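Work through the exercises below with the model open beside the text. Try each task before reading its solution.

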Amino acid sequence: VADGTIPPLPSPQEVDVAVQVVHDHADRLFLWDYERDRGQLVKLYEKAMGSQWNSVTDLDWSVDVDPERLVSEQESPVLGVARVAGTLPGSPLASWGEREYLGLGIELFKAQLSQFVHGEQGAMMTAAKIVETVPWIDARYYASTQTMDEARHTEVFSKYLSSPPSVTCCGGRTSHCCRSSCAT
Ligand SMILES: [Fe+2]
């Protein structure tokens, strides 16, 4: 962790909540043939190596992000449905004003980003599975770069979602308010 302390091991209950076991039956292949005989994959691998980027230093994490502005400028279709639902007789949203809809929009935005985080992790595991199972060394090398790429995507989305360093929202408050509802 950032301050150098080592967190305690998670309890079995915490593991149950945070870890999903997925069983598969793929054989893991150990290759004895290191011949570079797949030219297109060699090129792809070399190109991938040359375009590696650093998720910490190559992105400007100091840029302020205003979720209220993002949501206002690109309203989700789901939010539009909620607005219509709020006009129906007996709707639990009948008392909602713009502040509540804005809060819902921010929550929808965060939910969408969360799906990206999980999707990118899935892509990382898929690329890693290719590394394990593909029978050609050139494909294995290239899939390794793809695994690293997906790791960066996962890390960046997760970081952006959970602790943007300079995020401002809720009228200028700077905090983790993008984790919780700005409407409260
Ligand atoms: Fe990705």
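The exercises go from the overall fold to single residues.

The model is predicted, so local features need pLDDT of at least 70 and side-chain atom pairs count only at pLDDT 80 or more, while totals for chains, interfaces and linings use all residues. Residues are numbered from 1 along each chain as its sequence is written, and side-chain values use heavy atoms, with hydrogens and water left out.

**Exercise 1. The fold**

Task: State how many helices and strands the protein has, and in what pattern they follow each other.

Solution.
- Step 1. Apply the rule: helices (H or I, at least four residues) and strands (E, at least two) are DSSP runs, numbered from the N terminus.
- Step 2. Count the elements: the protein has six helices and two strands.
- Step 3. Read along the sequence to get the pattern α-α-α-α-α-α-β-β.
- Step 4. Look at burial, where buried means under 20% relative accessible area, exposed over 50% and partly exposed in between (1.4 Å probe, protein chains only). Of the 184 residues, 26% count as buried.
- Step 5. Look at contacts, meaning heavy atoms within 4.5 Å. Among contacts between residues at least 6 apart in sequence, 71% join residues at least 24 apart.

**Exercise 2. The iron site**

Task: Find which residues are the protein donors of the iron ion, and how they are spaced in sequence.

Solution.
- Step 1. Take as donors the N, O and S atoms within 2.8 Å of the metal (3.2 Å for Na, K and Ca); water is not among the atoms, so sites may look incomplete.
- Step 2. List them: E120 (OE), E150 (OE) and H153 (ND1) lie 2.0 to 2.1 Å from the iron ion.
- Step 3. Write the spacing, which is E-x29-E-x2-H.
- Step 4. Place two of the donors: E150 and H153 are three residues apart in helix α6 (residues 137-162), so about one helical turn separates them.
- Step 5. Check their accessibility: E150 is buried at 9%, whereas H153 is partly exposed at 24%.

**Exercise 3. Around E150**

Task: Describe what surrounds E150, and say which side chain of opposite charge is nearest.

Solution.
- Step 1. Use the charge rule: Lys and Arg count as positive and Asp and Glu as negative, with His and the chain ends not counted.
- Step 2. Use the salt-bridge rule: a side-chain nitrogen of Lys or Arg within 4 Å of a carboxyl oxygen of Asp or Glu.
- Step 3. Apply both: E150 is buried yet has no salt bridge, and the nearest side chain of opposite charge, R152, is 9.1 Å away.
- Step 4. Leaving out residues up to four places away in sequence, E150 touches E120, A123 and M124.
- Step 5. Turn to T154, also a residue of helix α6, which is buried at 12% relative accessibility. A polar atom of the T154 side chain lies 2.8 Å from the backbone oxygen of E150.
- Step 6. With the sequence limit of four places again applied, T154 touches V117, E120, Q121 and M124.

**Exercise 4. Salt bridges**

Task: Give the number of salt bridges in the whole structure, and explain what parts two of them tie together.

Solution.
- Step 1. A search of the whole structure finds nine.
- Step 2. Recall that side chains of opposite charge can pair when their charged atoms come close.
- Step 3. In one of the bridges, D24 meets K129, with the closest N and O atoms 2.8 Å apart. D24 lies in the loop between α1 (12-18) and α2 (39-50) and K129 in helix α5 (residues 98-133), so the pair ties together parts 105 residues apart in sequence.
- Step 4. Another bridge joins R36 and D138 (2.3 Å, N to O). R36 is in the loop between α1 and α2 and D138 in helix α6, so this pair ties together parts 102 residues apart in sequence.
- Step 5. Compare burial in that pair: R36 is partly exposed at 39%, but D138 is buried at 1%.
- Step 6. R83 and E75 also form a salt bridge (2.9 Å, N to O). Through shared partners, D24, R28, K129 and E132 are joined into one network.

**Exercise 5. The nonpolar core**

Task: Name the residues of the largest nonpolar core, and say which helix gives the most to this core.

Solution.
- Step 1. Define the core as a set of buried Ala, Val, Leu, Ile, Met, Phe, Trp, Tyr and Cys residues joined through side-chain atoms within 4.5 Å.
- Step 2. List its seven residues: V71, L79, A82, L93, Y101, L102 and I106.
- Step 3. Assign helices: α4 (77-85) and α5 each supply at least two residues, and α5 gives the most, with three.

Key:
A polar contact is a pair of N or O atoms within 3.5 Å; within protein, one must be able to donate a hydrogen and the other to accept it, and residues adjacent in sequence count only if both atoms are side-chain atoms.
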